[in-house]
Amino acid sequence: LKSLDEQSLVGKISKQWSGLVREAFTDADNFGIQFPLDLDVKMKAVMLGACFLIRGLESRAAAGSRIRFSTT
């Protein structure tokens, strides 16, 4: 994630590999969130919310529903 001016890196959300057996036989996912310790608590909450949003969109896509984003 970048700042509003897109000049500095604020944090990172990434899917973590949980091993072959778990990846093959379950639909559970592990996500990692990295951010500086001195980041504003509101931004930390936004990053956590974004992680839930990514997971929700990913599960809907896996279930076969079409996801459309409106540009209006």
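1. Let's start with Ile13, which is partly exposed, having a relative accessible area of 22%. Please keep in mind as you read on that this is a predicted model. Ile13 falls just outside the buried class because buried means under 20% relative accessible area.

2. Where does Ile13 sit? Its place is in strand E1, which spans 12-16. Leaving aside residues up to four places away in sequence, Ile13 touches Leu1, Phe31, Gly32, Ile33, Met47, Ala50, Cys51 and Ile54.

3. One of those partners deserves a second look. Cys51 is 38 residues apart from Ile13 in sequence, yet their C-alpha atoms are 6.9 Å apart in space. For the protein chain, 27% of the contacts between residues at least 6 apart in sequence join residues at least 24 apart.

4. Now for the loop that follows strand E1 and leads to helix H1 (20-25): Trp17 lies there. Is Trp17 buried or exposed? It counts as exposed, because its relative accessibility is 62% and the exposed class begins over 50%.

5. Trp17 also has nonpolar company on the surface, in a patch with Leu20, Val21 and Phe25. Together these residues offer about 580 Å² of accessible area.

6. Stepping back to the fold, the protein chain has two helices and two strands, and their pattern along the sequence is β-α-β-α.

7. Finally, some overall numbers for the 72 residues of the protein chain: buried residues make up 12% of them. The accessible surface is about 6200 Å², with 59% of it belonging to carbon and sulfur atoms.

Note on methods:
Residues are numbered from 1 along each chain as its sequence is written. This is a predicted model: local features need pLDDT of at least 70, side-chain atom pairs count only at pLDDT 80 or more; totals for chains, interfaces and linings use all residues. Side-chain values use heavy atoms; hydrogens and water are left out. Helices (H or I, at least four residues) and strands (E, at least two) are DSSP runs, numbered from the N terminus. Buried means under 20% relative accessible area, exposed over 50%, partly exposed in between (1.4 Å probe, protein chains only). Contact means heavy atoms within 4.5 Å. Accessible areas come from the Shrake-Rupley method with a 1.4 Å probe; for residues, only the protein chains shown count as cover. Patches are made of residues with over 30% relative accessible area and no salt bridge: like charges are joined within 9 Å, nonpolar side chains (Val, Leu, Ile, Met, Phe, Trp, Tyr) within 5 Å. A salt bridge is a side-chain nitrogen of Lys or Arg within 4 Å of a carboxyl oxygen of Asp or Glu.
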